[in-house]
Amino acid sequence: MAHLAVAEAAIPASETVVAVRGICKRYSEVEALRLIDLDFPRGKLTTLLGPSGCGKTTLLKIIAGLIAASSGEVRVNGKPVTGPGPERAFVFQDFALMPWATVMRNVAFGLELQGMGKAERQSIARNYIAEVGLTGFEDKYPHELSGGMRQRVGLARAFAVNAEVLLLDEPFSAVDEQNRRKFQEDLLRLVDKERKTFIFVTHSIEEAVYVSDRIVLLSRRPGRVSQIIEPRIDRTASPDAIRRDQGYLDTVEEIWQGLKHYVD
Amino acid sequence: MIAPSRVGGPAPAVHPPEGLGASLGRLASRHPVVWRLSSLVLFFLAWEIAGRVPISYAFPTFSATLVALVSMMADGSLFVAYGSTLQPLVIGIAISGVVGVVLGIVMGLSRMAEWLAAPLFVVLQAAPMAALIPLITFVYGIGLLAKTLAVIMLALPVIVLNGYKAVRNANPSLVAMCRSFQGTKLQQIAKIIVPDASPVIFAGLRLGLAAGFIGVILAELLITPTGIGDLITYHRSVANYAEMYAAVVSIILVSTLTLAALESFETRLLRPEKRRG
Ligand SMILES: Nc1ncnc2c1ncn2[C@@H]1O[C@H](COP(=O)(O)OP(=O)(O)O)[C@@H](O)[C@H]1O
Ligand SMILES: [Mg+2]
């Protein structure tokens with residue numbers, strides 16, 4: 001608890017890293033997002049939660065600068081986003097690993113593109129490969145790894161470029177339930193250690209409540225912000241205790257009540 | 001693997017031939033080379049029998065063809081013929097390979113280049129080349145240039161079109177990944193698009209090489225009586241059928257070995273992950 005309190009003091013609660021203003025997005029026929037206004041506070045993990053097809057990936061890619069919005073703007077540290085930038089790193093839902101490159105080269109790829117020397121980038125990459133628990137797999141190719149291990153490679157690659165903001169698009173969706181829980185715990189450990197701003201997309205309510213400081217509920221297409229929830233959960237407790245915690249269970253229930261009418 | 005051998009275990013004692021078959025099968029499944037060799041051996045055996053029957057007086061046995069091949073190597077006529085066949089082939093393939101891959105990549109990257117060039121190569125690929133090759137003679141005579149052109153006409157379209165399709169279908173998620181890490185356009189092409197497209201580009205090169213062999217032999221048969229094509233025509237005209245078949249077999253051998261070499265070069269150089277299981 002003491003540790004957490006210090007962190008709160010060091011990071012002013014109000015400081016916004018990513019500001020989304022009036023974002024709309026139309027794909028020729030489909031209206032994917034309508035007038036999204038959001039602030040993402042520094043050092044927090046904010047989750048975008050909503051039904052499939054509500055525009056979560058679209059919003060994340062607009063923040064990343066990978067696709068252009070139809071209208072509205074995104075600012076990162078006050079500067080308008082016009083394309084991808086070094087202060088943001090993306091973790092792809094389908095991993096996006098180069099099948100012809102080893103784990104080492106994949107993890108170091110962001111640094112390779114920056115023109116960093118081989119020895120330097122490999123030593124950084126080695127550090128993050130260890131951080132995600134893949135030591136010993138440096139010379140393996142992606143097809144020799146399980147889905148969960150591949151996503152760890154994608155995670156390590158994003159960490160390696162030392163961006164302030166990490167954008168994660170359903171990173172655990174291709175992972176089985178046991179490994180998923182393990183990853184969620186690893187992610188929380190990395191969030192705590194790296195002190196970065198995370199924007200995390202998921203369609204799992206439990207996952208959102210378990211990992212998030214803030215949860216943004218998006219409505220069904222066209223996606224709009226329907227609710228923002230801040231789970232009050234003592235994260236210093238053990239993972240199993242958190243999953244039995246009354247605050248945790250209540251929050252899951254509250255979100256479920258909010259989303260339920262979309263399912264009918 | 002374990003269950004069938006247990007079930008089959010007692011069987012060899014009763015039916016020894018089955019046990020032999022099973023163990024041969026196991027040997028073959030462990031060493032794929034054994035399969036390929038035994039298929040070749042079977043083919044040569046069938047050839048030998050067909051030659052001895054004989055199915056036609058113009059059809060030599062496998063052994064006679066082998067003897068003819070060795071004697072043509074000994075008197076040097078085979079090597080002289082290859083000297084004149086391989087020169088236009090190598091030049092033509094080198095030009096088609098470089099021009100084809102570059103053009104294919106450019107067409108894959110730029111709509112403009114696609115509109116300009118794609119229809120031409122689609123038509124060229126569909127055209128009956130054997131009918132067009134004699135036309136070369138009117139413009140370029142019967143020398144090295146004509147043979148080289150014949151190779152290029154057959155090899156270039158498939159190389160270009162494969163390169164173009166491969167680049168156009170490069171994995172969009174990898175391209176987005178490269179952009180998200182601020183890769184430049186050049187890095188995107190060199191580090192993502194070309195490696196991703198390389199299996200299909202190389203498939204085009206292999207098809208182009210095989211087509212180049214057809215082109216040079218067609219040219220030698222149809223327009224300029226030199227090289228291996230001439231060797232085949234000459235031995236047929238004097239009824240040396242064993243020699244004629246030896247020349248045909250040798251060109252099949254050379255083209256197969258060249259294609260295999262290209263394939264192993266590809267795996268070694270561009271797609272190291274394919275080397276492992
Ligand atoms: N490139 C595209 N072209 C046309 N429609 C798209 C494209 N990408 C997404 N969409 C549509 O936009 C909507 C939102 O998609 P997406 O952001 O992927 O949703 P989510 O990630 O929440 O499942 C969906 O209805 C989808 O069909
Ligand atoms: Mg999505």
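Helices (H or I, at least four residues) and strands (E, at least two) are DSSP runs, numbered from the N terminus. With that naming, Thr61(B) can be placed in the loop between α4 (32-52) and α5 (62-74) of chain B. The model is a predicted one, in which local features need pLDDT of at least 70 and side-chain atom pairs count only at pLDDT 80 or more, while totals for chains, interfaces and linings use all residues. Residues are numbered from 1 along each chain as its sequence is written, chains are lettered from A and ligands numbered from 1 in the order in which they are written, and side-chain values use heavy atoms, with hydrogens and water left out.

**Chain B and its confidence**

Chain B has 13 helices and zero strands. Of its 277 residues, 41% count as buried, where buried means under 20% relative accessible area, exposed over 50%, and partly exposed in between (1.4 Å probe, protein chains only). Among the contacts in chain B (heavy atoms within 4.5 Å) with a separation of 6 or more, 72% come from residues 24 or more positions apart.

The predictor's confidence in each residue is given as pLDDT, from 0 to 100. For chain B the mean pLDDT is 84, and 87% of the residues reach 70 or more. Within this chain, confidence is lowest in helix α1 (residues 2-8), at a mean of 39, and highest in α10(B), at 96. Over residues 1-17 of chain B, pLDDT stays under 50, and the model has two contacts beyond four places in sequence for this stretch. Where pLDDT is low, the predicted coordinates should not be read in detail. The model as a whole scores ipTM 0.89 and pTM 0.80.

**Where chain B meets chain A**

In the model, 21 residues of chain B are in contact with 28 residues of chain A. The two chains bury about 2100 Å² between them, 63% of it on carbon and sulfur atoms; buried area here is the accessible area (1.4 Å probe) that two parts lose on being put together, summed over both. Five residue pairs between the chains are in polar contact, with both residues at pLDDT 80 or more. A polar contact is a pair of N or O atoms within 3.5 Å; within protein, one must be able to donate a hydrogen and the other to accept it, and residues adjacent in sequence count only if both atoms are side-chain atoms.

There is one salt bridge between chain B and chain A, a term for a side-chain nitrogen of Lys or Arg within 4 Å of a carboxyl oxygen of Asp or Glu. Lys191(B) and Glu112(A) form it through their side chains, at 2.6 Å from N to O. On the side of chain B that touches chain A, the elements giving two or more residues are α10 (172-180) and α11 (185-222) of chain B, and α10(B) gives the most, with seven residues.

**The helix α10(B)**

How much of α10(B) is buried? Seven of its nine residues are buried, so this helix is largely enclosed by the rest of the structure. The buried residues of α10(B) include Leu174(B), Val175(B) and Met177(B), and the buried residues pack against β6 (88-91), α4 (109-113) and α6 (147-160) of chain A together with α11 of chain B. At the N-terminal end, Asn171(B) caps α10(B), with a side-chain oxygen 2.9 Å from the backbone nitrogen of Ser173(B). After α10(B) comes Gln182(B), whose phi is positive, near 60°.

**Loops and backbone details**

The loop residue Thr61(B) counts as buried, at 15% relative accessibility. Its side chain reaches the backbone nitrogen of Ala64(B) at 3.1 Å, and, leaving aside neighbours within four places in sequence, Thr61(B) is in contact with Trp47(B), Glu48(B), Gly51(B) and Arg52(B).

Most residues other than glycine have a negative phi, and most peptide bonds are trans. The table lists two residues with a positive phi.

| Residue | Phi | Loop | Relative accessibility |
|---|---|---|---|
| Asn162(A) | near 55° | between α6 and β7 (165-169) of chain A | 55%, exposed |
| Ala239(B) | near 65° | between α12 (227-237) and α13 (241-269) of chain B | 44%, partly exposed |

A cis peptide bond joins Arg221(A) and Pro222(A), with omega about -5°, and Pro222(A) lies in the loop between β9 (214-218) and β10 (225-229) of chain A.
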